[in-house]
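Me: I would like to go through this structure and ask, for each label, what justifies it. Please set the values against the cut-offs as you go.

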Amino acid sequence: MEQLPDRAQVEIDIFSGRPNPTWKLGRTDTTALLKLLKKVRKVETAAGGAGELGFRGFKVSFKTGGSGRELRVKGNSVSDGAQHFSDDRRIIEKFLLAKMPRELHVRFLNVLPR
């Protein structure tokens, strides 16, 4: 049986050459995020977007035991590298925006998606 992660770290992929802001999701929010992932539609390839300046999306790092998984989220594109998903209603991006600490939301309001 696969062990599910109970915590996650979220990173706003925004800076180049310096550390990106991060925050942690607790057990309840991590579980809710994993449930949302089950609602998105699997697709063959990820949407583009590499090399952009400014907000490049969110990176969500899950750790379980000695292994990890990284999820990239921007708009309706969700990918863990091996699998790609289309989130037509942007429910995962909106969830992460809603869980972002207020001080980060205020600081980056002008570049974050609405």
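Me: Where does Leu71 lie, and why is Leu71 called buried?

Reply: Leu71 lies in strand β5 of what is a predicted model. Its relative accessibility is 0%, and buried means under 20%, so Leu71 counts as buried.

Me: What is Leu71 in contact with, leaving aside its neighbours within four places in sequence?

Reply: With those neighbours set aside, Leu71 is in contact with Leu37, Phe58, Lys59, Val60, Phe62, Val78, Ser79 and Asp80, where contact requires heavy atoms within 4.5 Å. A separate value concerns Ala82, which is eleven residues from Leu71 along the chain and has its C-alpha atom 10.0 Å from that of Leu71.

Me: How confident is the predictor in the strand that holds Leu71, and in the chain as a whole?

Reply: Strand β5 (residues 67-74) has the lowest confidence, at a mean of 88, whereas helix α2 (residues 91-99) has the highest, at 97. The protein chain averages a pLDDT of 88, and 88% of the residues score at least 70. Where pLDDT is low, the predicted coordinates should not be read in detail.

Me: What makes strand β4 largely enclosed?

Reply: Strand β4 covers residues 58-64, and five of its seven residues are buried, so β4 is largely enclosed by the rest of the structure.

Me: How do you know that β1 pairs with β4, and in which direction do they run?

Reply: Two strands pair if there are at least two bridges between them, and five bridges join β1 (residues 8-12) to β4, so the requirement is met; the two run antiparallel. Among the matched positions, Gln9 has Ser61 as its bridge partner in β4, and Ile12 stands opposite Phe58.

Me: What joins β1 to β2, and what makes β1 largely enclosed?

Reply: Four bridges join β1 to strand β2 (residues 22-25), again in an antiparallel arrangement, and one of the facing pairs is Val10 with Trp23 in β2. As for enclosure, four of the five residues of β1 are buried, so β1 is largely enclosed by the rest of the structure.

Me: Which residues of helix α1 are buried, and how do you know that they are on the same side?

Reply: In α1 (residues 27-37) the buried residues are Thr30, Leu33, Leu34, Leu36 and Leu37. They cover an arc of only 155° around the axis, which puts them on the same side of α1. The face turned away from that buried side carries the exposed residues Thr28 and Lys35.

Me: Why does Leu36 count as buried, and what is Leu36 in contact with beyond its neighbours within four places in sequence?

Reply: Leu36, found in helix α1, has a relative accessibility of 16%, which falls under the 20% cut-off, so Leu36 counts as buried. Leaving aside those neighbours, Leu36 is in contact with Ile91, Ile92 and Phe95. Although Leu36 and Phe95 are 59 residues apart along the chain, their C-alpha atoms are separated by 8.9 Å.

Me: Why is Ser86 called buried, and what does its side chain join?

Reply: Ser86, placed in strand β7 (residues 84-86), has a relative accessible area of 11%; the cut-off is under 20%, so Ser86 is buried. A polar contact of 2.8 Å joins its side chain to that of Asp88, and the limit for such a contact is 3.5 Å. Apart from its neighbours within four places in sequence, Ser86 is in contact with Val40, Arg41, Val43 and Asn76.

Me: Why is Arg90 called partly exposed, and what is notable about its phi?

Reply: Arg90 sits in the loop between β7 and α2. Its relative accessible area is 22%, and partly exposed lies between the buried limit of 20% and the exposed limit of 50%, so Arg90 is partly exposed. Most residues other than glycine have a negative phi. Arg90 has a positive phi of about 55° although it is not a glycine.

Me: How many helices and strands are there in the protein chain, and what share of its residues counts as buried?

Reply: There are three helices and seven strands, following the pattern β-β-α-β-β-β-β-β-α-α along the sequence. Of the 114 residues, 41% count as buried.

Notes: Residues numbered from 1 in each chain as written. Predicted model: local features only at pLDDT ≥ 70, side-chain atom pairs only at ≥ 80, totals over all residues. Heavy atoms only, no water. Buried < 20%, exposed > 50% of the residue type's maximum accessible area, 1.4 Å probe, protein only. pLDDT = per-residue confidence, 0-100. Polar contact = N/O pair within 3.5 Å; in protein donor to acceptor, adjacent residues only side chain to side chain. Arc of directions from axis to C-beta.
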